[in-house]
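The following note is offered to a colleague who is meeting this structure for the first time. Its points are numbered for ease of reference.

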Amino acid sequence: MSHSFRHWFGSSTGHRLNSSIRAAFLFIVGALALIISVNCVFGREPLVLRASSSHVRGGDEGGNGGMQMLQHDGRQVESHEPVLVSEELRRTIKEEVRAEILAAMAEEEKKRRQEAPHARPGTLGDGERTVSRQEQLGQLYPPTATLSEGQRRRILVTGGAGFVGSHLVDRLMAEGHEVIVVDNMFTGRKKNVAHWIGHPHFMLIVHDVVEPILLEVDQIYHLACPASPPHYQYNPIKTIKTSTMGTLNMLGLAKRVRARMLLTSTSEVYGDPQIHPQPESYWGNVNPIGPRACYDEGKRVAETMMYAYRSQGGEGDSSMEVRVARIFNTFGPRMHPNDGRVVSNFIIQALQGKNITIYGKGRQTRSFQYVDDLVSGLMKLMNSDYELPVNLGNPDEYSVKDFALLVRELVRNMDSQIVHLPATKDDPAKRKPDITTAKKELGWEPTVSVRDGLAKTIEYFRKELEETGEITPTGPEAARPQPHVEESKRS
Ligand SMILES: O=C(O)[C@H]1O[C@H](OP(=O)(O)OP(=O)(O)OC[C@H]2O[C@@H](n3ccc(=O)[nH]c3=O)[C@H](O)[C@@H]2O)[C@H](O)[C@@H](O)[C@@H]1O
């Protein structure tokens, strides 16, 4: 005991006075201790982890309003209240992640030391500099931006190994987000996303959206569905299931994790339109029992489900955030060589000097947009506040006959003859988007001309042909997309 302490509490002089002072002092110390501990436990601003964090998610698939959360130890817990996670727990989680990263780095350095025991850290035995993990990633993968934890999102792209999906994945990855691709590989191709495989921000899951899947994500771009007429008519029941059950499954997931969900709908919801160009307010003219109905009606009901979930899915600020893009004819590199749509067919035919096959008289019109423009539109729509359907297309309209002549001119192969085959049933006579809404609400409009886009697409197909030899374009009859000649040789 120190002298001063004894002076106040241990001396015998003035004992009664000292004991009163001691009692008062102890009371004050006790009260102070109580106030401090209460403040420590309750006084601090608690941290509420919401959907933007990958640790805690709200909502559920069945719609009972409960919450499913992933605990720190990885177990799922049920609660009806938001979880308050203390600063301490958050720090512990971060520390553990950091410790794991440091352990992995130490392990890597240990291996390097074993291989070159006298090397200085960051060098090889012969003095040559080793490359950091970041530099290695830069060499192995296309460049990606670095986002802060708060800015980086975990984004699911269904159909992400397909033509449009893979371009979207490239842009999201380049922006620095984490991307999960879910694809059943019916029309998707691994080679479309092969350049990301192994990247720490990228994951490919081979899965059919007709079956539910549980993931933790912040945004969902729901593209999964065969889009070319011969492909979606190949197995119409499966196309209907993909549009309906697939979309329901994704909506259930979006609701459970409170993710914003974007559906890629189609200009085919307008059917064979009686209004030209088509604004979003037009209700369409679809034959509900025709050969295109599996896709057209499938997408129409998918849109219906999006808005039913939005209005019924939650209450107050927990209502679902949905976005719907109505995509008009899109083309570009990575179209499947057996896609069967007009752009790929005409280019492949012209490149090989084969007949260019027009279905019907060729007076029907389409308006073509380059895939990069579409991807910009999709991302703008996802990140906008606009909730109603938006047309995304290039109003540059061509008759199919004029389009065939343009492709032949750009390919510069006059050996190709233009031939006419019977028209396909319910083929829309004209199609052109009214993009007033996209311009006004998203500040979006196409920037790539059809000619420039075609030049890039022709180069892509030229290379595909060099790699694979002959390609026989898919005809109007429904046919399963064939694997690449090269791919089938390899497997
Ligand atoms: O992009 C759209 O808005 C939608 O329309 C397309 O359907 P469609 O316009 O019929 O697409 P294509 O198969 O490329 O046909 C376009 C036109 O070219 C004709 N065509 C197609 C292929 C061919 O070899 N020859 C030919 O004349 C078709 O009969 C049709 O009139 C696709 O079904 C969808 O992917 C998409 O949602």
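**Notes on the predicted model**

1. Strand E10, which covers residues 322-327, is joined to strand E15 by three bridges, and the two run parallel. One of the residues involved is Ile327, whose bridge partner in E15 is Leu392. The reader should bear in mind that the model is predicted.

2. This pair belongs to an open sheet of seven strands with parallel pairing, in the order E7-E6-E5-E8-E9-E10-E15. Strands E7 (202-206) and E15 (390-392) have a single partner strand each and stand at the edges, so one side of each lacks a neighbour in the sheet. From one strand to the next, the twist averages 20°.

3. Helix H8 (residues 293-312) packs on the sheet, where it touches strands E9 (260-266) and E10. The direction of H8 makes about 155° with that of E9. In the loop between E9 and H8 lies Pro277. A cis peptide bond, with omega of about -10°, joins His276 to Pro277.

4. The largest nonpolar core comprises 82 residues, and Ile220 and Leu378 have the most contacts inside it. Once neighbours within four places in sequence are left aside, Ile220 is in contact with Leu156, Met250, Leu253, Ala254, Ala259, Met261 and Leu262. In soluble globular proteins, nonpolar side chains tend to be buried together.

5. The ligand is surrounded by 21 residues, of which the closest are Ala227, Thr266, Ser267, Arg341 and Val342. Helix H9 (342-351) and strand E12 (356-359) each supply at least two residues of this shell, and E12 gives the most, with three. By character, the shell divides into eight nonpolar, nine polar and four charged residues.

6. Two residues other than glycine deserve a check of their backbone angles, as each has a positive phi: Arg334, near 80°, and Asp426, near 60°. Arg334 is placed in the loop between strand E11 (330-331) and H9, whereas Asp426 is found in the loop between strand E17 (418-421) and helix H12 (436-442).

7. Are these two residues, Arg334 and Asp426, buried or partly exposed? Arg334 has 21 other C-beta atoms within 10 Å and is therefore buried, the threshold being 20 or more. Asp426 has 15 C-beta neighbours inside 10 Å and so counts as partly exposed.

Notes: Residues are numbered from 1 along each chain as its sequence is written. This is a predicted model: local features need pLDDT of at least 70, side-chain atom pairs count only at pLDDT 80 or more; totals for chains, interfaces and linings use all residues. Two strands pair if DSSP finds at least two bridges between them. Helices (H or I, at least four residues) and strands (E, at least two) are DSSP runs, numbered from the N terminus. Axes are lines fitted to C-alpha atoms, for helices over the stretch in contact, and angles run from 0 to 180 degrees between N-to-C directions. Two residues are in contact if their C-beta atoms, placed from the backbone, lie within 7 Å. A residue is near a molecule or strand if its C-beta atom, placed from the backbone, lies within 6 Å of it. Ala, Val, Leu, Ile, Met, Phe, Trp, Tyr, Cys and Pro count as nonpolar, Asp, Glu, Lys and Arg as charged, and the others, Gly among them, as polar. A nonpolar core is a set of buried Ala, Val, Leu, Ile, Met, Phe, Trp, Tyr and Cys residues joined through C-beta atoms within 7 Å. A residue is buried if 20 or more other C-beta atoms lie within 10 Å of its own, exposed if 12 or fewer, and partly exposed in between; C-beta atoms are placed from the backbone.
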